[in-house]
Amino acid sequence: MVLQTTIDLLKSEIPLHQETINLSEDSVTGLVLVDIINGFCTVGAGNLAPREPNTQICEMINESTRVARLFCEKKLPIMVFLDSHHPNKPEDPYPPHCIIGTDESNLVPALRWLEEEENVTIRRKDCFDGYFGSMEADGSTVFVDWVKQNHIKTLVVAGVCTDICVLDFVCSTISARNRGFLGPLLQDVVVYSTACATFHIPPHVPTNTKQVLPHPQEFMHHVGLYMAKERGAKIANELSFVAAGKAI
């Protein structure tokens with residue numbers, strides 16, 4: 001277990017400024033939900049699922065659901081990434097997880113309604129990074145096409161895991177934006193920390209399971225957010241939509 005004093009020291013050494021982000025209704029904001037699936041979020045659902053109810057994961061699901069409903073009410077574009085692996089293609093250093101065709105790779109029950117929404121694009125990916133996981137054999141990229149077709153100016157990212165799939169996707173997206181690959185995505189990539197979470201593996205587990213590394217949840221959540229900010233993302237702990245100068 002990582003002592004609270006260690007976490008406090010981490011946060012003092014690499015402090016993280018979070019802010020309220022006001023999303024303009026005068027331009028298009030897109031929402032990306034990363035891997036909010038049973039295999040990472042539902043108790044007992046798989047090798048990387050929580051073994052018992054987890055407060056950070058529960059809060060992430062609740063807030064992601066709330067924000068997704070808000071985006072659907074406003075008919076704003078949503079892209080959903082679902083980690084979905086083929087059984088003969090391992091993702092080291094992790095044990096087999098979220099195998100395609102199993103319920104592990106499906107949305108958690110609280111978000112299953114998204115499958116019926118017209119403004120939602122669902123993409124199954126077989127790697128950490130949704131940007132690369134949305135590439136097609138012909139060289140096109142589903143995510144890039146989605147951004148351009150919807151004229152997205154600002155991107156909000158939420159989901160799991162803060163320091164792995166969320167971070168990898170954010171880093172690739174910002175690099176692509178900086179190189180001009182994303183066309184209309186000219187403004188901000190926002191990581192919504194309240195709707196992000198990661199997993200917890202205590203130090204004693206790796207001694208019994210060679211493939212699994214220690215992973216203190218609160219510690220790595222903070223590191224993931226800090227690294228995303230260091231790459232150029234904004235970190236929001238509150239979101240609001242603004243029309244004619246008034247928050248909604």
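Here are some notes on this predicted model, going from the whole chain to one strand and one loop residue.

1. Overall build. The secondary structure of the chain comes to 7 helices and 8 strands. Along its principal axes, the C-alpha trace spans about 55 × 45 × 35 Å. For 248 residues, a compact globule would be expected to have a radius of gyration near 18 Å, and the chain agrees with that at 18 Å.

2. Packing and contacts. Buried residues account for 50% of the 248 residues. If you look at contacts with a separation of 6 or more, 75% of them come from residues 24 or more positions apart.

3. Surface and charge. The chain exposes an accessible surface of about 11900 Å², and carbon and sulfur atoms hold 53% of that area. On the charge side, there are 20 positive and 30 negative side chains. The centres of these two sets lie 4 Å apart.

4. Strand β3 and its cover. β3 covers residues 78-83, and 6 of its 6 residues are buried. In a regular strand, side chains alternate between the two faces of the sheet. It is worth checking each side of β3 in turn: Ile78, Val80 and Leu82 are buried on one face, and Met79, Phe81 and Asp83 are buried on the other. Both faces are therefore covered, with Asp83 among the buried residues.

5. Neighbours of β3 in the sheet. Which strands pair with β3, and in what sense? One partner is β2 (residues 28-34), which pairs with β3 in the parallel sense over 4 bridges. In that pairing, Leu33 has Val80 as its bridge partner in β3. The other partner named here is β4, which also runs parallel to β3 and is joined to it by 6 bridges. There, Ile78 has Val120 of β4 as its bridge partner.

6. Asn119, just before β4. This residue sits in the loop between β3 (78-83) and β4 (120-125). Is Asn119 buried or exposed? Its relative accessibility is 17%, so Asn119 counts as buried, the cut-off for buried being under 20%. Leaving aside neighbours within four places in sequence, Asn119 is in contact with Phe71, Cys72, Lys75, Leu76, Pro77 and Ile78. Of these contacts, Ile78 belongs to the buried set on one face of β3 and is also the residue bridged to Val120.

Methods. Residues numbered from 1 in each chain as written. Predicted model: local features only at pLDDT ≥ 70, side-chain atom pairs only at ≥ 80, totals over all residues. Heavy atoms only, no water. Helix = DSSP H or I, 4+ residues; strand = E, 2+ residues; numbered from the N terminus. Rg over C-alpha atoms; globule rule 2.2 N^0.38 Å. Buried < 20%, exposed > 50% of the residue type's maximum accessible area, 1.4 Å probe, protein only. Contact = heavy atoms within 4.5 Å. Areas by Shrake-Rupley, 256 points an atom, 1.4 Å probe, with all protein chains shown as cover. Lys, Arg positive; Asp, Glu negative; His and termini not counted. Charge placed at Lys NZ, Arg CZ, Asp CG, Glu CD. Pairing = 2+ DSSP bridges.
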